Amino acid sequence: MLILSIESSCDETAVALVRDGREVLTDAISSQVELHREYGGVVPEIASRKHIEHIYALADQALRDAKCSRADLDAIAVTYAPGLIGALLVGVNFAKAAALAMDIPLIPVHHIRGHIAANYIAYPDLQPPFLALVVSGGHTLLVDVRDYTHMAILGGTRDDAAGECFDKVARVLHMPYPGGAALDRVAQGGDASQYALPRPKLSGNPLDMSFSGLKTAAINLLHNMEQKGESVNIPNFCASFSEAVGDMLIPRTMHALEQSGYRTLSVAGGVAANSRIRALLQANCAQLGVRLCIPPLSLCGDNAAMIGAQGYYEYLAGSIADQSLNAFATKSMEGESV
Ligand code: KG4
Ligand code: ZN
């Protein structure tokens, strides 16, 4: 089954062609990062306008790159939630029009389910059930992936997402938006023990996390040093910060593995590209004897191939939308999509 998939939930317009959920024929992305950089974050209206400008050409290009024609397509999959509403609507409307014109099924895909499905592309033998750690710019979740379309959230952040925390701290360090990757690069040469940053303890669900206290403490420390005229050792600060984020994520992930009994952990989302988090997960999973699946960097961030992968399994589960499909800025990944 050949699916044309569309992703436009934030600042990347992406179109892919994916066969049977696992084989990526093309994966084209038009990133707007440079445009938003001068504002220090994504400007929603600009994002929507750029999606409109690029989406048709990208879809056309995807078909040409894969040497396919419209007649070869069996279905259209599209991210319909969560994300910037104007940005999502561009992708959803394009997908609706394409499905109507070609008279093929329209498959709505939850963006976070898509991130998890990036692992099906990277690991062709991977099958649910497994535990997923989702760490993106907007979400930080531990998910029980019972099967391809049935998922339960076991825990997650109560406030900021890990990626947002990386980006905010990077901004104070004058790194260009989105700063997570830049902060990671600088941290690789640093000593993580120089700066003392908090490891907040939470009551209630032991799998829940909190990043806002860490973010505020890191930013306050930087401002205090600046006020006192003290110079910051940037690599050491970035390493100390990355270590603190890892100390929030890794013990809870290991706890969730023990609690669920799963022997496979899949990691998903942009922050899965972080070198310290990857190294910590590798070491901890090896110690527990757990299989670790982390997509290559190209599949960690937003892309359309992951939407095509999840779309295939949504289709098999009967999740097909009609022309009344709408987009949603927020929506739980646990429920039914149509
Ligand atoms: O999954 P994603 O591409 O978009 C969302 O769905 O949010 O994640 C983007 C987030 C941004 O916060 C970005 O700074 C972060 O992933 N990120 C990183 C790294 N690469 C991307 N954070 C830490 N270390 C990295 N290497
Ligand atoms: Zn994403």
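This passage describes the domain arrangement, a zinc site, the cysteines and selected local features of a predicted model.

The chain is divided into two domains, of which domain 1 is made up of residues 2–116 together with 302–316, and domain 2 of residues 127–299. A distance of 27 Å separates the C-alpha centres of the two domains. Contact between them involves 18 residues on the side of domain 1 and 21 residues on the side of domain 2. The size of an interface is often given as the accessible area lost when the parts come together. For domain 1 and domain 2 this area is about 1600 Å², with 66% of it on carbon and sulfur atoms. Within domain 1, the greatest losses of area to domain 2 are those of Ile 112, His 115 and Ile 116, which together account for 36% of what that side buries.

His 115 also takes part in metal binding: the zinc ion (ligand 2) is coordinated by NE2 of His 111, NE2 of His 115 and OD of Asp 302, at 2.0 to 2.1 Å. The site has four donor atoms, and the angles among them run from 95 to 131°, which makes its geometry tetrahedral. Along the sequence, the donor residues follow the spacing H-x3-H-x186-D. His 111 belongs to helix α4 (residues 111–122), whereas Asp 302 is in the loop between α10 (297–300) and α11 (305–316); the pair therefore ties together parts that are 191 residues apart in sequence. His 111 and Asp 302 are both buried.

Covalent links between cysteines were also examined. No disulfides are found in a search of the whole structure. Cys 238 is accordingly unpaired, and the nearest cysteine sulfur, that of Cys 165, is 12 Å away. Cys 238 has a relative accessibility of 0% and therefore counts as buried. For Cys 293, the closest cysteine sulfur is in Cys 285, at 9.3 Å; since a disulfide requires the two sulfur atoms to be within 2.5 Å, this separation is too far for a bond. Cys 293 is likewise buried, its relative accessible area being 0%.

Two further buried residues illustrate packing in the model. Ala 268 is part of strand β9, which comprises residues 264–268. The relative accessibility of Ala 268 is 0%, so this residue counts as buried. When neighbours within four places in sequence are left aside, the contacts of Ala 268 are with His 115, Ile 116, Asn 119, Leu 133, Val 134 and Val 135. His 115 and Ile 116 thus recur here, having been named among the residues of domain 1 that lose the most area to domain 2. Between the C-alpha atoms of Ala 268 and Gln 282, which are 14 residues apart along the chain, the separation is 14 Å. His 36, in turn, is located in helix α1 (residues 33–37). With a relative accessibility of 0%, His 36 also counts as buried. Residues up to four places away in sequence being excluded, His 36 touches Asp 11, Gly 41, Val 42, Val 43, Ile 46 and Ala 47.

Attention then turns to the backbone. Most residues other than glycine have a negative phi, and most peptide bonds are trans. A cis peptide bond is nevertheless present between Pro 128 and Pro 129, where omega is about 5°. Pro 129 is located in the loop between α4 and β6 (130–135). The bond from Tyr 177 to Pro 178 is also cis, omega being near -15°. Pro 178 is placed in the loop between α5 (162–172) and α6 (180–187).

The loop between α5 and α6 also contains His 174. The phi of His 174 is near 65°, a positive value in a residue other than glycine. His 174 is exposed, with 73% relative accessible area. A positive phi, near 55°, is likewise found at Lys 67, again a residue other than glycine. Lys 67 occupies the loop between α2 (44–65) and β4 (75–81). The relative accessible area of Lys 67 is 75%, and this residue is therefore exposed.

Terms used:
Residues numbered from 1 in each chain as written. Chains lettered and ligands numbered in written order. Predicted model: local features only at pLDDT ≥ 70, side-chain atom pairs only at ≥ 80, totals over all residues. Heavy atoms only, no water. Donors = N, O, S within 2.8 Å, 3.2 Å for Na, K, Ca; no water. Tetrahedral: all angles 85-135°; square planar, octahedral: opposite > 155°, others 65-115°. Helix = DSSP H or I, 4+ residues; strand = E, 2+ residues; numbered from the N terminus. Buried < 20%, exposed > 50% of the residue type's maximum accessible area, 1.4 Å probe, protein only. Domains from an automatic or database assignment. Contact = heavy atoms within 4.5 Å. Buried area = accessible area lost by both parts, 1.4 Å probe.
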